[in-house]
Amino acid sequence: MTDDEARWIARAGAGDAVAFRRLVDAHAGALYRVCARITGDKAVAEDAVQEAFFNAWRHLRDFDGRAAFSTWLHRIAVNAALEQLRRRGRLEATLPEGEEGEDLLARALDAQPGPERLARSAELGRSIEDELARMSVLERSAFVLRHHEGQSLEDISAALSLNVGACKQAIFRAVRKLRAVLEPSG
């Protein structure tokens, strides 16, 4: 956290709307990306981000600095995204089984791009997005937080209100499903 951000947090906690607006501007993009990946819907993601910032404003005095401010905001945003899906009846409640996998996206896209490679990359991208959309919300959320956002298992577990073992299982299931899309059959 920068000194400026610490000042904005303190001022916003005292009710300064301009300081809070600076925090919103600094974090809105990252929160939107994670909400969009979790919900798979731009409009729902926008609603979730708006709800997350509203909740952050209401509970800013509760921020105690034990975690990074961005981690605290991410947790609120993930909860808001999941709540938006619950309200719309799109949240599945099943817990996956398995262990954490590896980062398949980095492995799958490692060659120099030529026209054929660009076409294949676009095709893979569509396949990945389709598979992410078919995953349970829990699997997609855990995968996105781990492999897109780079969060620790502990932070993901806290954000999703799971124990670390269940978090690992969700990530493993997601990786296994993506592996089937990314690895050539044969």
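The buried residues of helix H2 pack against four helices: H1 (3-13), H3 (42-58), H4 (69-87) and H7 (137-148). Helices are DSSP runs of H or I, at least four residues long, numbered from the N terminus. Buried means under 20% relative accessible area with a 1.4 Å probe, protein chains only. Contact means heavy atoms within 4.5 Å. The model is predicted; local features need pLDDT of at least 70, side-chain atom pairs count only at pLDDT 80 or more, and totals for chains, interfaces and linings use all residues. Residues are numbered from 1 along each chain as its sequence is written, and side-chain values use heavy atoms, without hydrogens and water.

H2 covers residues 17-39. Its buried residues include Phe20, His27, Cys35 and Ile38. H2 is kinked by about 50°, with the centre at His27. The bend is the angle between axes fitted to the seven residues ending at a residue and the seven starting there. The end C-alpha atoms of H2 span only 28 Å, whereas a straight helix of 23 residues would span 33 Å. That expected span is 1.5 Å times one less than the number of residues. Just after H2, Gly40 has a positive phi of about 70°.

Phe20, Cys35 and Ile38 are among the residues with the most contacts inside the largest nonpolar core, which has 51 residues. Such a core is a set of buried Ala, Val, Leu, Ile, Met, Phe, Trp, Tyr and Cys residues joined through side-chain atoms within 4.5 Å. H4 gives the largest share, ten residues. Trp72 also ranks among the residues with the most contacts in the core. Beyond its neighbours within four places in sequence, Trp72 contacts Ala56, His59, Leu60 and Phe63.

Notes:
Helices (H or I, at least four residues) and strands (E, at least two) are DSSP runs, numbered from the N terminus. Buried means under 20% relative accessible area, exposed over 50%, partly exposed in between (1.4 Å probe, protein chains only).
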